[in-house]
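Hi,

Here is the structure we talked about. Please load it, then read my notes below.

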Amino acid sequence: MPLARVVLVLAVGFCLYTYLGYPAILKLLSLVRRPRAGGPGVPAGSLPPISIVLPVYNEARVIAATLDSILAIDYPADARQILVVSDASTDGTDEIVAGFADRGVELLRMPFRRGKTAAENAARWHVTGEIVINTDASVRIDPLAIKHLVGAFGDPSVGVASARDVSVTNVAQPANAGEGAYVGYEMWIRDMETAVSGIVGASGCLYGIRADLHMGLIPEELSRDFAAALTAREHGQRAVSVPAARCFVPRGASLRQEYRRKARTITRGLATLAFKRSLLHPLRYGVFAWMLFSHKVCRWLVPGAALIGLAALVAAAPDSTWARALLAVIGVLGVLAGIGWSWPEDAPLPRVLAVPAYVAAGNLAVLHAWLRLVAGRAAPVWEPTRRGAPV
């Protein structure tokens, strides 16, 4: 077999393993694993005290509605602390939050802007709950979601409980169909990981963590929600996905916005995994090490494998009709992705454009993140993704 075909087969095989083979193996393992007793549910009787932490930066447009929704969550007020950490906001966010003080909302203002992880680090010394719930200003939480998350901690092996992200449209912006499909796929993977050994990363939109685990300092250039699941594993505990704990996440308005968000979060993700790289040791962490490698490392290597495969396809094209045909298909998908990228932000993006454009933007964002890491450049200072209010 010519070298170009061998390289192409290996590259395609790697990509297929990452997105199809890994979940297929997870599914088989989930069928043979003995289910654990005491699965998550709404806890009966007295509820443990919790702290809901909300880092914000210039969220004056949505913060009042967000706090109203958090205050409406089904959890006893006397067992619930709500702490808003302002990353030196300049748009009146702090004044709006201060107006909720008589309803039990606390405000912690950072003296100068340092980013989300720094804000979450600062909150550690102010939380009072046994379980810390971390969430985001741009999402809406199902009224029973917190109880479902807390119920997961009835299993002493659980150190982190992550919500199910539900991608929804919003009033102000059109839906991104590609993003919605990806979120659904990711939640499916997390369900199977939970059944096998535990998820490898929590949802930054809504997750809970035992307070003792939360007290560790995380370097500011890292991602605390990703690190939370890894920290739990280091302490002999699991991170789990709780499907009943729903968090409604508005879809991004444009691919450009999604690209910037992904490039930033993947840059932090790569740095976080490098910091916690000992968890990739298969002799120490067994199945979890394989899951972490397959879910994170393999995904972050897919764009490189795709480029190698494309080069092999180009090399095979002069002597192969099927290679030329496949290049033509890739060219058409590339054109569709380019049209989707340049589509007006105020107009609905057709699915035929949204899916290839979202896939292309996501893979380019990974390459961008790798370039940042290799160049020694940290991710930009946290800029929250501005989303409309979900319906």
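**What I found**

Residues 24 or more positions apart make 81% of the protein's contacts (heavy atoms within 4.5 Å) that have a separation of 6 or more. This is a predicted model: local features need pLDDT of at least 70, side-chain atom pairs pLDDT 80 or more, while totals for chains, interfaces and linings use all residues. Numbering runs from 1 along each chain as its sequence is written, and side-chain values use heavy atoms, without hydrogens and water.

The protein has 12 helices and eight strands. These are DSSP runs numbered from the N terminus: helices are H or I, at least four residues, and strands are E, at least two. Of its 391 residues, 54% are buried (under 20% relative accessible area; exposed is over 50%, partly exposed in between; 1.4 Å probe, protein chains only).

Look at helix α5, residues 145-152. Eight of its eight residues are buried, so the rest of the structure largely encloses α5. Its cover includes β1 (50-56), β4 (131-135) and β8 (238-250).

Now the surface. About 17,100 Å² is exposed, 65% of it from carbon and sulfur atoms (Shrake-Rupley, 1.4 Å probe; for residues, only the protein chains shown count as cover). A nonpolar patch there has about 670 Å² of accessible area together; its members include Leu307, Trp322 and Val329. Patch residues have over 30% relative accessible area and no salt bridge (Lys or Arg side-chain nitrogen within 4 Å of an Asp or Glu carboxyl oxygen); nonpolar side chains (Val, Leu, Ile, Met, Phe, Trp, Tyr) are joined within 5 Å, like charges within 9 Å. Helix α11 gives the largest share, five residues. Val329 sits in α11 and is partly exposed because its relative accessibility is 45%.

Best wishes
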